[in-house]
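User: I would like to go through this model one point at a time, with the reasoning set out before each conclusion.

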Amino acid sequence: MVRYRWSCQVIYGRWGEFYELQERKVALASERGWVIPRFWVATAGNLNDFFLERDYETIEQLASELSAREADYEFMKLMRESYKMVVQGSVRIELFQTAAEAR
């Protein structure tokens, strides 16, 4: 199992617009048969932080889907719109695998 986590800090006052774009990206992902993310927010700490997580069976599945997303005009248009609402330098991408697989 592989977990992909994307996080950022949303510019103050842009949260609603940013979240609406995330929901539009989920609708596209659903139409294309991609993995649907879970969204997380901080209940303590930086309250404008946004987290997206998706789980994949293999790293190859993740790589294939990332390539498909990057090649998709509609999806990338929404990504570019989203980035306008993100604090510069705050985007972070993390990849995890289960501890049993890492042994």
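**Charged pairs, core and helix α3**

User: Are Arg54 and Glu65 buried or exposed?

Analyst: Arg54 is buried, as is Glu65, where buried means under 20% relative accessible area, exposed over 50% and partly exposed in between (1.4 Å probe, protein chains only). This is a predicted model, in which local features need pLDDT of at least 70 and side-chain atom pairs count only at pLDDT 80 or more, while totals for chains, interfaces and linings use all residues. Residues are numbered from 1 along each chain as its sequence is written, and side-chain values use heavy atoms, with hydrogens and water left out. For Arg54 and Glu65, then, the term is buried.

User: Arg54 forms a salt bridge with which residue?

Analyst: The closest N and O atoms of the pair are 3.8 Å apart, and a salt bridge needs a side-chain nitrogen of Lys or Arg within 4 Å of a carboxyl oxygen of Asp or Glu. Arg54 lies in strand β3 and its partner in helix α2 (residues 59-71), so the bridge ties together parts 11 residues apart in sequence; helices (H or I, at least four residues) and strands (E, at least two) are DSSP runs, numbered from the N terminus. The partner of Arg54 is Glu65.

User: How many residues apart are Glu53 and Arg3?

Analyst: The side chains of Glu53 and Arg3 meet in a salt bridge at 3.9 Å, N to O. Glu53 is buried at 6% relative accessible area, whereas Arg3, at 32%, counts as partly exposed. Both belong to a salt-bridge network that also includes Arg5, Arg38, Asp55, Arg92 and Glu94. With Glu53 in strand β3 and Arg3 in strand β1, the pair links distant parts of the chain, 50 residues apart.

User: Which elements give two or more residues to the largest nonpolar core?

Analyst: This core, a set of buried Ala, Val, Leu, Ile, Met, Phe, Trp, Tyr and Cys residues joined through side-chain atoms within 4.5 Å, has 20 residues. Tyr4, Trp6, Cys8, Phe18, Phe50 and Tyr56 touch the most other members. The elements asked for are β1 (2-9), α1 (15-32), β3 (49-56) and α3 (73-83).

User: What arc do the buried residues of α3 cover around the axis?

Analyst: The buried residues of α3 are Phe75, Leu78, Met79 and Ser82. They lie on the same side of α3 because their arc, taken from the directions from the helix axis to the C-beta atoms, is narrow enough to place them there. What covers them includes α1 and α2, and the arc is only 105°.

Methods:
Contact = heavy atoms within 4.5 Å.
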